[in-house]
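Good morning, and thank you for the time on today's agenda. I would ask everyone to look at the sequence and the structure together.

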Amino acid sequence: MNDFIYVTQPYLPDLKDFIPYLEKIWENKILTNGGPLHLELEKQLENYLNVPYVTLFNNGTNALITAIQALNLSEGQVITTPYSFVATAHAILWNNLEPVFVDIEPYSPNINVSEIEAKITDKTVAILAVHCYGIPCNVKEIEVLAEKYNLKVIYDSAHAFGVNINNKSILEFGDLSVVSFHATKVFNTFEGGAVICHTKAMKERLVQLKNFGIVDEDTIYEIGLNGKLSEIHSAMGLLQLKSFPVILSQREKIDSFYRNAINNIKGVQCINRGFVSQDNYSYFPIIVTSEYSLSRDQLFEKLKSKGVIARKYFYPLISDFEIYSKYNSFTPNASDLAKSVLCIPLYPNLEMNICQKIIDIIIEG
Ligand SMILES: *Cc1c(COP(=O)(O)O)cnc(C)c1O
């Protein structure tokens, strides 16, 4: 069983480096509720990302739900993409808002800005866009639209930790941006996430909302989740951050190896990662076209039979799940990509001979 190669494997620091953090937690007897390690991680992330305010959460989904809640959107529609992980749309419904799915661009996995504009109505209150695979959305054009129609913008940046454009973190764009620190993401705290915001007032609001909505001992105005990140999870984040440059350089090496190899295989394509000044190389999606000898599903099965577990990220489309069928709409680019995409293994300690083996299987067809 252990010989399977999965699409990802979490980066783990040396266990001996984790022990001193545990000793500190045992000594402090503070396990959660914004303890010292939690505060330290927020500070270090703000510095590392060079963003104004980071508010940690116990996962990306609770961060996303609370981010939408924090914007005080009363009823209405939120324009989003069907080409994402289902949590993106769940967060809209948890807030009693209505998702409106619009298509992605023809050559990118991200939402198409002119399609957004076509779907704006007087019920539209926000845009929830996803930097899919860590590839930046067209943030400037989305900003222009949001101003023109007075809409809030939330980015699901679950894949985009560590990505910069023009030397600025992609997480700075939008009213709020949400990252995930789940074990499968490029930066992990076992489970975890964060909301990036621009003002102290918003940060205070997020801190209240992730703590049951408690304002002070005697005051609660709103329902809030328990979205707090524990001290153990925060410790993992502090350690992970020290290794992040190494994580990135190992990912880069594999990304460029695959990119060169895939470009020489007929019928299989890579996705361009866009104009970034710093990439995070999260995910390596390939597109299996009709010119390839196998279908996407046949290639998936073939890899599996040789011990390589690729993933069909993102198939099915969110709008194709039964619970979302009443919001379904015509999104041909998203449907095409969902039918032909396959993410192949990419993680820091993946050995190059395994990468070569994966490429050899794909070449063989
Ligand atoms: C992982 C992911 C989430 C959810 O994050 P969790 O930390 O697992 O709750 C949300 N959106 C996208 C696009 C994701 O990939």
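I shall go through one helix, a pair of strands, an annotated lysine, an open sheet and, at the end, the cysteines. Please keep in mind that this is a predicted model.

Let me begin with helix α3, which spans residues 60-70. How many of its residues are buried? The count is 10 of 11, and the helix is therefore mostly covered. Among the buried ones are Gly60, Leu64, Ile68 and Ala70. At the N-terminal end, Asn59 acts as the cap of α3, with a side-chain oxygen placed 3.0 Å from the backbone nitrogen of Thr61. Just past the helix comes Asn72, whose phi is positive, at about 55 degrees.

One residue of α3 merits a closer look, and that is Asn62. Asn62 has a relative accessible area of 15% and is buried. Leaving aside residues up to four places away in sequence, Asn62 touches Phe57, Leu225, Asn226 and Gly227. The C-alpha of Asn62 is also 9.9 Å from that of Val195, although 133 residues separate the two in sequence.

I turn now to strand β2, residues 53-57. Is this strand largely enclosed or left open by the rest of the structure? It is largely enclosed, because 4 of the 5 residues of β2 are buried. Its partner is strand β10, residues 193-197, and the two pair in the antiparallel sense over 5 bridges. Within this pair, Tyr53 stands opposite Cys197 of β10. As a general reminder, the strands of a sheet pair through backbone hydrogen bonds, either parallel or antiparallel.

The loop between β9 and β10 holds Lys185. An unreviewed UniProt entry carries the annotation "active site" for Lys185. Is Lys185 buried or exposed? Its relative accessibility is 17%, so Lys185 counts as buried, the limit being under 20%. Apart from residues up to four places away in sequence, the contacts of Lys185 are Ala158, His159, Ser180 and Tyr283.

Next, the open sheet. It has 3 strands in the order β13-β14-β16, and their pairing is antiparallel. Which strands stand at the edges? They are β13 (268-270) and β16 (341-344); each has a single partner strand, so one side of each is without a neighbour in the sheet. From one strand to the next, the twist averages 35 degrees. Strand β14, residues 284-288, pairs with β16 over 4 bridges, and one bridge joins Ile286 to Leu342 of β16. Two helices lie across β14 and β16. Helix α9, residues 296-305, runs at about 25 degrees to β16, while helix α10, residues 332-340, runs at about 50 degrees to β16.

Finally, the cysteines. A disulfide is a covalent bond between the sulfur atoms of two cysteines. How many disulfides does a search of the whole structure find? The search finds 0. For Cys343, the nearest cysteine sulfur belongs to Cys132 and is 8.1 Å away. Why is Cys355 without such a bond? The closest cysteine sulfur, in Cys270, is 13 Å from the sulfur of Cys355, which is too far for a bond. Cys343 is buried, at a relative accessible area of 0%, and Cys355 likewise counts as buried, at 0% relative accessibility.

That concludes my presentation. Thank you for your attention.

Notes:
Residues are numbered from 1 along each chain as its sequence is written. This is a predicted model: local features need pLDDT of at least 70, side-chain atom pairs count only at pLDDT 80 or more; totals for chains, interfaces and linings use all residues. Side-chain values use heavy atoms; hydrogens and water are left out. Buried means under 20% relative accessible area, exposed over 50%, partly exposed in between (1.4 Å probe, protein chains only). A polar contact is a pair of N or O atoms within 3.5 Å; within protein, one must be able to donate a hydrogen and the other to accept it, and residues adjacent in sequence count only if both atoms are side-chain atoms. A disulfide is a pair of cysteine sulfur atoms within 2.5 Å. Two strands pair if DSSP finds at least two bridges between them. Axes are lines fitted to C-alpha atoms, for helices over the stretch in contact, and angles run from 0 to 180 degrees between N-to-C directions. Contact means heavy atoms within 4.5 Å. UniProt positions are given in the numbering used here, feature names are shortened, and annotations may be inferred rather than shown by experiment.
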